[in-house]
Amino acid sequence: MEEEARFMQPASVLLGEPSFGERGFVVERLLAPEQAIVAYFARAELAVPRVERVALTECAGRVLAGEIAAREDHPSHARSTMDGFAIKSGGDARRAIVGEVRMGAPAPRAIGPDEALRIPTGGALPEGADAVVPIEDVDEDRATLALRSRVAAGENLTQRGADVRAGERVLAAGRRLGAPELGVLATLGDASVDVFVRPRFGIISTGDELVDPGTALSIGQIRDSNRYALGASLAALGAEAVQLPRVRDDMEALRRALAEALETCDGVLLTGGSSVGERDYTPRVVAQLGEPGLIVHGIRVKPGKPTLLAAVGGKPILGLPGNPASSLMILEAVARPIVVALTGETHARARGVEARASAPINGRAGWTWYVPVRLCVRGGTLVAEPLPLRSSHTSLLSRAAGYVTIDELHPKIEEGDRVAVTFFSCGGAPIETSS
């Protein structure tokens, strides 16, 4: 019970003590991911997102900055949902055909109880009509028609305001705009809307071993891949990624790079140099940049223990591990709320599915583990297959459809257990079908 109580402590209990000592991180002082985020927002007062007016053609993926309410009823008039004849319900089966409703125009005249107007799908209902009889349900000659069956008032038509009423709130502020939302905005006559400005996140890769993607490798070198993965993730979260020059393992160079990034960007992502080694300068530099400074250093999580969460003024600084799988996983699973806060998005979207574990998945008591999984369909059941967790493997997450979170108090998932699979923001491996 003492161990369980320690794992469940609120972040405030653990703040104030450094999470590292002379020999590295002090595990007993590390925060769980949820605690780290609570601690972060308790100390960091992030800048309020700015607002801009954007044309509807440029709104896909943007976040609404204000509420959208209908200025008028939609539909603005009753209209047919079938090709047929507009009639008054009841009365005789035989009606005189007295004209035709044209698309995009009002009905040419009103009708009486013994009359009908030919009408297309979407056509405006004439005065005097309260129903539409489908064309296949009548017998007609040139001037008259006979109903094969009766229709009730309101059949095969949409009444004025049946979709949206004037003054009705349709979209709330903080909602990401996709295809359905853009369709609604256009229908309601909004050719442009207020959206939050995309926050600019500068990405700085650190390390003497890094080289550009097109460079031939020498022994000890690796290609700078993290910045591209993180950039794609940021874009999917609604931010703008700004690729900044790489920084070598030099404290003064890192200080200059961070200061310049904070001048031009709304936040900064650093990859590499966030641990407690002799040449891991990021924590020391960040701590000197301004208030509130370093808030969290080290998280009780795998992968990604040496994560750093900081802020200067209203701008976040996120120090991510250098290992490729770790850096992207931490951005997606831990730091995501910090990025999203700057986008203005407040309405959570579905991010995953439920599946059955294909094999046992073992974590570690007292730690949160993020385990990448492949998804496949077997015998009609969606199955999650755990992948070997190798944080230095760049290809690992490209093989995964998403990840399963193993929490501190339930460190083992048995074969066949239901598991929640969280998708990556910018997509993942497709769901496979196996026999």
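**Exercise 1. Pro292 and its strand**

Task: In this predicted model, determine which residue in S22 stands opposite Pro292, and describe the surroundings of strand S20.

Solution.
1. Pro292 is located in strand S20, and its opposite number in S22 is Val312.
2. The strands S20 and S22 run antiparallel and are joined by five bridges.
3. Of the six residues of S20, five are buried, so the strand is largely enclosed by the rest of the structure.
4. The peptide bond between Glu291 and Pro292 is cis, with omega of about -5°.

**Exercise 2. A further cis bond and a positive phi**

Task: State where Pro75 is placed, and which residue it is joined to by a cis peptide bond. Then locate Asn156 and describe its phi.

Solution.
1. Pro75 belongs to the loop between S4 and strand S5 (79-80).
2. His74 is the residue joined to Pro75 through the cis bond, for which omega is about -5°.
3. Asn156 sits in the loop that lies between strand S11 (144-147) and strand S12 (157-158).
4. Although Asn156 is not a glycine, its phi is positive, at about 65°.

**Exercise 3. The largest nonpolar core**

Task: Identify which residues touch the most other members of the largest nonpolar core, and which element gives the most to this core.

Solution.
1. The largest nonpolar core has 41 residues, and Leu269 and Leu318 touch the most other members.
2. Several elements each supply at least two residues of this core, including helix H3 (33-43), strand S15 (200-205), helix H5 (226-237) and strand S23 (315-320).
3. Helix H8 gives the most to this core, namely eleven residues.
4. With neighbours within four places in sequence left aside, the contacts of Leu269 include Phe201, Ile203, Leu230, Leu234, Leu318 and Leu331.
5. Apart from this core lies another, of 20 residues, with Val247, Leu258, Val286 and Val312 among them.
6. As background, nonpolar side chains in soluble globular proteins tend to be buried together.

**Exercise 4. The two sides of helix H4**

Task: List the buried residues of helix H4, and explain why they are on the same side of H4.

Solution.
1. In helix H4 (residues 179-187), the buried residues are Glu181, Leu182 and Leu185.
2. These residues lie on the same side of H4 because they cover an arc of only 100° around the axis.
3. In general, an α-helix has 3.6 residues a turn, so residues three or four places apart point the same way.
4. The buried residues of H4 pack against strand S4 (68-69), strand S13 (169-171) and strand S14 (192-196).
5. On the other side of H4, the exposed residues are Ala179 and Pro180.
6. Gly189, just after H4, adopts a positive phi of about 90°.

**Exercise 5. A six-stranded sheet**

Task: Give the order of the open sheet of six strands, name its edge strands, and state in which sense S7 and S8 pair.

Solution.
1. The order of the strands is S9-S6-S8-S7-S11-S10, and the pairing is mixed.
2. Strand S9 (131-134) and strand S10 (138-140) form the edges, as each pairs on one side only.
3. With direction ignored, neighbouring strands of this sheet are turned by 40° against each other on average.
4. Strand S7 (residues 94-100) pairs with strand S8 (residues 115-119) in the parallel sense, over three bridges.
5. Ile97 has Ala116 in S8 as its bridge partner.

**Exercise 6. The environment of Pro245**

Task: Decide whether Pro245 is buried or exposed, and find which residues it is in contact with.

Solution.
1. Pro245 is part of the loop between strand S18 (240-243) and helix H6 (251-264).
2. The relative accessible area of Pro245 is 63%; because exposed means over 50%, Pro245 is exposed.
3. Leaving aside neighbours within four places in sequence, Pro245 is in contact with Ile204 and Arg227.
4. Val26 is 219 residues from Pro245 along the chain, and the C-alpha atoms of the two are separated by 33 Å.

**Exercise 7. Cysteines**

Task: State how many disulfides the structure holds, and classify Cys59 and Cys426 by accessibility.

Solution.
1. The structure holds zero disulfides.
2. Cys426 is in no disulfide, and the nearest cysteine sulfur, that of Cys265, is 20 Å away. A disulfide would require sulfur atoms within 2.5 Å.
3. Cys426 has a relative accessible area of 41% and is therefore partly exposed.
4. Cys59 has 0% relative accessibility and therefore counts as buried.

How values were computed:
Residues numbered from 1 in each chain as written. Predicted model: local features only at pLDDT ≥ 70, side-chain atom pairs only at ≥ 80, totals over all residues. Heavy atoms only, no water. Buried < 20%, exposed > 50% of the residue type's maximum accessible area, 1.4 Å probe, protein only. Pairing = 2+ DSSP bridges. Helix = DSSP H or I, 4+ residues; strand = E, 2+ residues; numbered from the N terminus. Axes fitted to C-alpha atoms, helices over the stretch in contact; angles between N-to-C directions. Core = buried A, V, L, I, M, F, W, Y, C linked by side-chain atoms within 4.5 Å. Contact = heavy atoms within 4.5 Å. Arc of directions from axis to C-beta.
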